[in-house]
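Dear colleague,

I am passing on the structure we spoke of, with some notes on cavities and cysteines below. Please look through it before you read on.

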Amino acid sequence: MELIDRPRRLRRTDTVRRLCRETRLSTDSLIYPIFIDETLSGVRPIASLAGQNHYGLDSVARAAEECLAHGVTHGILFGLPAGKDGCGSSAWAEHGVVQEAVRAIKASFPDFYVITDVCMCEYTDHGHCGILHGQEVDNDETLAYLSKIAVSHAAAGADMVAPSDMMDGHVAALRRALDGAGFQNIPIMGYSAKYASAFYGPFREAAGSAPAFGDRRGYQMDPHNRKEALRECALDAAEGADILMVKPALSYLDVIRECADAFDLPLCAYSVSGEYAMIKSAAAAGLVDERRIMCETALSIFRAGANMLITYYAKELADAIRQGEIG
């Protein structure tokens, strides 16, 4: 029998396979979400997010310590205030829950990089992301309040602010406010392409931020739209964003790819609560190998073009990178 001459696939050993990887992950690219409850003392498990916790102001430094123990050096803070009102006034209070959490973390771990979520939904009694007139959010009036929140976070010691409200012009408004207050070096991570997704359910329970009526489709993106994401990213880039974001991640890998190709700015993906909860539930039912699924899904996000990832699995992924399971 005559042998057919054909190209040969490389039969790779583990060492060769690692050397030839096209996509590489680093612990420096992982960001861990941290929830702080102003009414809490100590630590309380989050029912909707297995393995995650609410931290009190007396214990939030422990969250940073746990991250650092796994090699995760970046966190993003979400606050649950003791009180709410129509304009979310506790969001920019000097001694608000996020402001005090930033101070507590920085006092114990000054090198831990603290990003703060800038929004109003956790602080308003109606659960929407801005100032209401009737049942409609007033975009332009909301910008002034978001600016006050961002400046208060920077004054408390935050390293970066991340506006998640999806108001038009918010990046430019925050940039002007931060620069005017002397915080020219505080970068802004824009929630540039944030879709009106069904994957946010567990987070809204964890953050106490479900809207009291209606929904947020008026100021979040329609999941049907791909080109709109490019327009939104272009607007944030033009307004001065330092980092762009696509949220959620797994159902929007095509959007991550296109945005990564279209813009020179770093791109963050947010693997949201519903994505995490699905893996956790499937693993608890014995249907999947949680560790391998965790690694594979994270890899897909970076392979699509993300430079950094906000994920509830940040600590476990850092362990997997260090142990050579992924990286």
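To begin with one residue: is Cys268 buried or exposed? In this model, which is predicted, Cys268 counts as buried because its relative accessibility is 0%. Cys233 likewise counts as buried, at 0% relative accessibility.

On the cysteines more broadly, a search of the whole structure turns up zero disulfides. For Cys233, the nearest cysteine sulfur belongs to Cys259 and is 3.6 Å away, and since a disulfide requires a pair of cysteine sulfur atoms within 2.5 Å, Cys233 is in no disulfide. Cys268 is in no disulfide either, and in its case the nearest cysteine sulfur, that of Cys233, lies 11 Å away.

Turning to internal space, the search of the whole structure finds two cavities of 30 Å³ or more, and my notes here concern the second largest cavity, which holds about 90 Å³ of space. Its lining is made up of 14 residues, and those that lie nearest the centre of the cavity are Ser271, Ile279, Thr297, Thr311 and Tyr313. Helix H9, which spans 273–284, and helix H10, which spans 290–304, each supply at least two residues of this lining, with H10 giving the largest share, four residues. By residue class, the lining of the second largest cavity divides into ten nonpolar residues, three polar and one charged.

With best regards

Conventions: Residues are numbered from 1 along each chain as its sequence is written. This is a predicted model: local features need pLDDT of at least 70, side-chain atom pairs count only at pLDDT 80 or more; totals for chains, interfaces and linings use all residues. Side-chain values use heavy atoms; hydrogens and water are left out. On a 1 Å grid over the protein atoms alone, a cavity is a set of points where a 1.4 Å probe fits but cannot get out, and a pocket is an open set with protein on both sides within 12 Å along at least five of seven lines; lining residues have an atom within 4 Å of a point. Grid points are joined across faces, edges and corners, and a volume is the space filled by probe spheres set on the points. Ala, Val, Leu, Ile, Met, Phe, Trp, Tyr, Cys and Pro count as nonpolar, Asp, Glu, Lys and Arg as charged, and the others, Gly among them, as polar. Buried means under 20% relative accessible area, exposed over 50%, partly exposed in between (1.4 Å probe, protein chains only).
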